[in-house]
Amino acid sequence: MADGSPVYGLDKDLAERARNKHDPERESKALQWIYDVTEETPSGEPLADVLKDGVLLCKLINKIKEGHISRINSLKSPFKMMENITAYIQSCRDFGVREMDLFSTVDLYEAKNIPQVVQNLYSLARAIESSFPEYMGPRLEWASRRSTTDGSISPAKRFSGTYQLPAALRREGVATSSPSSNRSSMSAQTPTAEVTALKASVEEKDALIAELKRQVESLQQEVASLRLQH
């Protein structure tokens, strides 16, 4: 949990998965992009702490499209901070960010899944380029444009005719192939109708999961509101 209390069961599993996906360099670039766009002075605090109240996220949205979020709550009450985060998430939808690239309010407010928050920022930066071609502000390097250093195939090379294997495999004598020398290799690299259908099915399930997350998020906010009233 964000307050340092122990977590168990599903929360513990989710926290462990989030830690495994944590990329400090990617997180740092995303936070610096927010500072660059909003022209705010960096505080030196971690991304989770800087964004927790949702204020800077709302300012980011309004820098991209002036006045899109009409009210930014400055009160440091839990409900008001979560309200800011919810307004930001809805703005991402308005700007064309995919449901699978959104996050729930508690992912940020309780720091349950900061890597998903970072992924959302990269997706927002990508959506801006198509939804707001007139936008001339700072850019955030896309995840898909990053060079790979672990020997994996980059997206640009995934369906190319040849792929240079890592040095370790080349030393073992594993041969590379190309369309001219091995048609079966090329056909295996070409997207098929089955792959397209599978992708559509996955996206449909992602949308369903996102809808369930929104419903859970709404219930959590109602519970938080009721707690504040009592």
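1. In this predicted model, helix α2 passes helix α4 in a left-handed crossing. The two helices, α2 spanning residues 24-38 and α4 spanning residues 55-64, pack at an angle of about 55°, and their axes lie 9 Å apart. The pair is therefore described as oblique, a term that applies here because the angle falls outside the ranges for roughly parallel, roughly antiparallel and roughly perpendicular arrangements.

2. As for the residues that form this packing, α2 contributes W33, I34, Y35, V37 and T38, while α4 contributes L56, L57, K59, L60 and K63. Sorted by character, the residues of the contact of α2 with α4 comprise seven nonpolar, one polar and two charged.

3. A reader new to the structure may wish to place this pair within the whole. The protein has 10 helices and zero strands, and from the N terminus on its elements accordingly read α-α-α-α-α-α-α-α-α-α. Of its 230 residues, 32% count as buried. Among the contacts in the protein with a separation of 6 or more, 56% are accounted for by residues 24 or more positions apart.

4. Two serines of helix α7 deserve separate comment, and S123 is taken up here. S123 is found in helix α7 and has a relative accessible area of 4%, so it is buried, the cut-off for that word being under 20%. Leaving aside residues up to four places away in sequence, S123 touches V97 and D101. With D101 there is also a polar contact of 3.1 Å, which joins the side chains of the two residues.

5. The other serine, S131, is likewise found in helix α7, which covers residues 114-131. S131 has a relative accessible area of 35% and is therefore partly exposed, since this value lies between the limits for buried, under 20%, and exposed, over 50%. When residues up to four places away in sequence are not counted, S131 touches F95 and G96. The side chain of S131 reaches the backbone oxygen of F95 at 2.7 Å.

6. V97 offers a useful reference when the two serines are viewed together. V97 is one of the residues touched by S123, and the C-alpha atoms of V97 and S131 are separated by 9.7 Å, although these two residues are 34 residues apart along the chain. In checking the polar contacts by eye, the reader should note that S123 meets D101 through the side chains of both residues, whereas the side chain of S131 meets the backbone oxygen of F95.

How values were computed:
Residues numbered from 1 in each chain as written. Predicted model: local features only at pLDDT ≥ 70, side-chain atom pairs only at ≥ 80, totals over all residues. Heavy atoms only, no water. Axes fitted to C-alpha atoms, helices over the stretch in contact; angles between N-to-C directions. Helix = DSSP H or I, 4+ residues; strand = E, 2+ residues; numbered from the N terminus. Parallel < 35°, antiparallel > 145°, perpendicular 65-115°, else oblique. Left-handed = near helix turned anticlockwise from the far one by under 90°. Contact = heavy atoms within 4.5 Å. Nonpolar A, V, L, I, M, F, W, Y, C, P; charged D, E, K, R; others polar. Buried < 20%, exposed > 50% of the residue type's maximum accessible area, 1.4 Å probe, protein only. Polar contact = N/O pair within 3.5 Å; in protein donor to acceptor, adjacent residues only side chain to side chain.
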